Amino acid sequence: MSMQSLDIKRRSATTTPPPGVREPVVAGGVAKLIDVSKCIGCKACQTACMEWNDLRDEVGHAVGVYDNPADLTENSWTVMRFSELENEQGDLEWLIRKDGCMHCEDPGCLKACPSPGAIVQYTNGIVDFHEENCIGCGYCITGCPFNVPRISKKDHKAYKCTLCSDRVAVGQEPACVKTCPTGAIVFGTKEDMTQHAAERIDDLKSRGYENAGLYDPQGVGGTHVMYVLHHADRPGLYHGLPQDPQISPMVAFWKGLAKPLGVAAMALTALAGFFHYVRVGPNEVDEEDERKAEEEMRHD
Amino acid sequence: MTNHWVDIKNADVVLIMGGNAAEAHPCGFKWVTEAKAHNQAKLIVVDPRFTRSASVADFYAPIRTGTDIIFLGGVIRYLLEKDAIQHEYVRNYTDMSFIVREDFAFEDGLYSGYDAEKRSYDKASWDYERGEDGYVRTDPTLQHPRTVYQLLKRHYSRYTDEMIERACGTPRDKFLKVCEMLASTAGTDRAATILYALGWTQHSIGSQIIRTGAMVQLLLGNIGVAGGGMNALRGHSNIQGLTDLGLMSNLLPGYLTLPSEAEQDYARYIDVRAQKPLRPNQMSYWQNYGKFHVSLMKAWWGKAATAENNWAYDYLPKLDKLYDMLQVYELMDQGKMTGYICQGFNPLAAAPDKAKLLKGFSSLKFLVIMDPLVTETSEFWRNFGEYNDVDPAQIQTEVFRLPTTCFAEEEGALVNSGRWLQWHWKGTEPPGEARSDIEIMAQLHWRLRELYRKEGGAYPDPIVNLDWPYSNPENPTAAELAKEYSGRAVADLADPKDPSKVTRRAGEQLAGFAELRDDGSTASGCWIYCGSWGPAGNLMARRDNADPTGVGQTLNWAWAWPANRRVLYNRASCDLQGRPFNPRRSLISWNGKAWGGADIPDFKADEAPDAGMGPFIMNPEGVARFFARAGMAEGPFPEHYEPFETPLGYNPLYPKAQAATSNPAARVFKNDLAAMGKVDKFPYVATTYRLTEHFHYWTKHVLLNAIVQPQQFVEIGEGLAQQLGIANGAMVKVSSNRGYIKAVAVVTKRIRTLTVEGKPLHQVGIPIHWGFVGVAKPGFLANTLTPFVGDGNSQTPEFKSFLVNVEKA
């Protein structure tokens, strides 16, 4: 199994280490860079994603915004989020962000997942769900700082963007990258994408966006889906993109410290029991007690 | 487009106005993205709404729908006042120095020669003064009071910043910023491109709006240069092909025109159209009109078109009036048209005033729909509840549906906005009984022809004598038709300078329209396409995208009309010595003997640059016209007129002149004038438009499109929503004097309340894509609301400015 195109680096709920003999030189892994300043919100990426992955979502309802569907679902692994803003100069801005899995370097979903092999992380950084191992518990959603995975009503398994791992495995770019008409979505090594982002940020700064920057949050170890934002100092403007996302301390604790603590608690209990048995011994009935008990019985 | 898609990457300033390029042309828009990314270009958007284009723009200015002439007129005034013009260009390549006739006048919004009864002008006074030699009189110093320059300055002096702020609702500082950014391209080293679409055409003054934009570009020297141009982003795939092939009711292929009833004399018909030069040594290329016309007649009637019968001139219908779409539905309404073949068209959805159309279709004897999809028009007779509340029992129309193929099931060329004819091949077989439009039309023709042959008729000659040389007469191939459009020699063609030399053998395809003759020896179904299928074969099928000069000229990718010239008027990119104004983005230049370079010269190839021949070779003047003479219905200079449903009730430029409130030269049918709404009952200004997720009324049949934009909505500004107590996502009822629709309200910051003439003005946005058939959520046809009046020149309906009322549903 290790001689496949994408090697696994981490596997959910698994303590055995993954095969590590190969050392692919990948300059930080792959990365998808989404330049929000170039995006026109055309939803070609949503459509391409559905087409490539053979998914069809519901025909929903208009709810007063351009976002359709209104949220990520098991069939919509990416949605455009539209946010309107009147800025300090009194001018209008329409911030349109492509929402979807950020493919964290330190994935909260993988950490939280109790089912062995339901979530894997490849050496190139892609975080993929292997749904045949998924038990539909929803812990991945709790673990995700971006609220991305969704449980299917049809088969009770979790789904999200795969960063087109099947396409990347054969050397192709993800479907959304291929289809984006303005080139707002680009794909390559993380190093290259970071370099490209730097150029884009220079251009934005020259056009008056002083706080333009790259969204590559270090609280999750950096991500393999990054954004160029006009206002990198206020990611919350982009439909609630978290300022400093981190894996919830609850999850970190439960899957982290809680495990050795739990094992330690069990081991200590066993040890204490052993020592008690050795030193104090079992609560046995001796001859003295028997005699006293009989005497009490004769006197009643 | 006068330029083309790829060329947009050369622009330094991109103005998107009267259109929403990112929304409607997301793929073509990548060239704007390129210009921004690699040319440091700045993008300006001027629009009633803050659109998807505005979301990626450097600067946005709001405007009241329909007031673009005021805005652009203000830009003209600004450029002239600041002298921010390309002097050499304006002086030499435009009619600024031409002297206009003394009896030309303009007063109170009307030009000389107005007939209020007929709602039209006698245009005799709209002309230049001629000298004794018959040529136009000029004053190169531009001092003469009746030079076009002085008249232009005077005309637009009324379009002050204050007027723009008052009448357009655009804050003064924003208007001035747009002027500044455009003015930055007046020099030879920078160019601006204007990208426009239906936001400019779908007005009763649409053609004039566009002309005003062109005038701004001429002042800046941006026509005929890389990164410049007046670029119409066409609204449908191959709509360019439709207009090129003359499918407008008054046209013949190649923008030739049908004769009117008064034009019974063939020689006169040709003479009027074969415009002679108005100045010495001008090409005035329309003077070859006879060659284009005769070649067309030979293509259509073959041997039946001879010198003796004036090339079958009697076979051409002579127009007593225009038979455009609005006229046709008016005729139906009056019971004068009883049958209709509706091909690839959904008029119940796409034409204005649904109620009027329903009445018209309901009184037809028969209606034939040729379409791959079921459409609202094909189902007009069915009751769909509130969405289409009709009683089928009352409708006697017999409806036939002939399923046709889709583009992917056919071979042929599509013509894009950049005039490129791009051949494509069949991808799959059509389903069921679907047949191509060609096959259906050919079979119809063939059967009608037989009937006429057997039974005779009022005048069957034009039909039975049509040349029909196709291998399978009931199903001509696209290739056969393409070759016919391009044209061939009917007889051996000899070199005019040496009659013993044969330059083209009979039956050979022609290489270009320069080979066309008016003696019946050539045939071409569309002269501007001549050369697209030349002696070397199908040039439209070429796919070499090499761009050897880096200026975006891919001459071996497909084929553009005319003659594969990619940037029209490219002679104007060079000075009087034939040197490019901007050597960094050179299109052509003069090498001492000939013109050549990155583009095919749009000029006589061996004509010296200083011999006086002007770059605008189709105009008899040889130069571009600020003064349109008799070319436009409303006047030689564009003038602002209010939309027919005006929120003001008067023209802010001439508040007292009632006759000049709305376009005095636009045709309006009596009943439709009566159906116009007034601002007391309909206080808000509405405009219709598209969304990226959909194409017209087709894609509501496609699941993927329906998923990403499922249900009808209207856009209301926060100001109006607050006033009416409408919450975001609530259902609202929007009504005009012609009907109502109900839709979800999208309450948005992107439509700001404007202040117009001192009062708040609310604009309402109405996307068009819903109807009562399809997989998207059912909706109302937006054209239930729109007025039945069109542009004074093109009859394009005024979909973009009308009055509505909005209330909670």
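In the predicted model, helix α4 of chain B is largely enclosed by the rest of the structure, because 13 of its 15 residues are buried. The helix comprises residues 68-82, and the distance from its first C-alpha to its last is 21 Å, close to the 21 Å expected at 1.5 Å a residue. The residue that follows α4(B) is B:D83, with a positive phi near 55 degrees.

Chain B also contains an open sheet of three strands, arranged in the order β15-β16-β23 with antiparallel pairing. Strands β15 (412-415) and β23 (559-560) of chain B occupy the edges; each has a single partner strand, so one side of each is left without a neighbour in the sheet. The antiparallel pairing of β15(B) with β16(B), the latter formed by residues 420-424, extends over four bridges. Within this pairing, B:A413 has B:W423 of β16(B) as its bridge partner.

An acidic residue, B:D599, lies in the loop that connects β25 (595-597) to α20 (670-674) of chain B. B:D599 is buried but forms no salt bridge. The nearest side chain of opposite charge belongs to B:R566, at 5.7 Å; a salt bridge is counted only within 4 Å, so this separation does not qualify. The side chain of B:D599 does, however, make a polar contact of 3.2 Å with the side chain of B:Q553. Apart from neighbours within four places in sequence, the residues in contact with B:D599 are B:Q553, B:L555, B:N564, B:R565, B:R566, B:V567, B:N570, B:L587 and B:I588. B:Q553 thus appears both in this contact list and as the side-chain polar partner of B:D599.

Methods:
Residues are numbered from 1 along each chain as its sequence is written. Chains are lettered from A and ligands numbered from 1 in the order in which they are written. This is a predicted model: local features need pLDDT of at least 70, side-chain atom pairs count only at pLDDT 80 or more; totals for chains, interfaces and linings use all residues. Side-chain values use heavy atoms; hydrogens and water are left out. Helices (H or I, at least four residues) and strands (E, at least two) are DSSP runs, numbered from the N terminus. Buried means under 20% relative accessible area, exposed over 50%, partly exposed in between (1.4 Å probe, protein chains only). Lys and Arg count as positive and Asp and Glu as negative; His and the chain ends are not counted. A polar contact is a pair of N or O atoms within 3.5 Å; within protein, one must be able to donate a hydrogen and the other to accept it, and residues adjacent in sequence count only if both atoms are side-chain atoms. Contact means heavy atoms within 4.5 Å. Two strands pair if DSSP finds at least two bridges between them. The expected span of a helix is 1.5 Å times one less than its number of residues.
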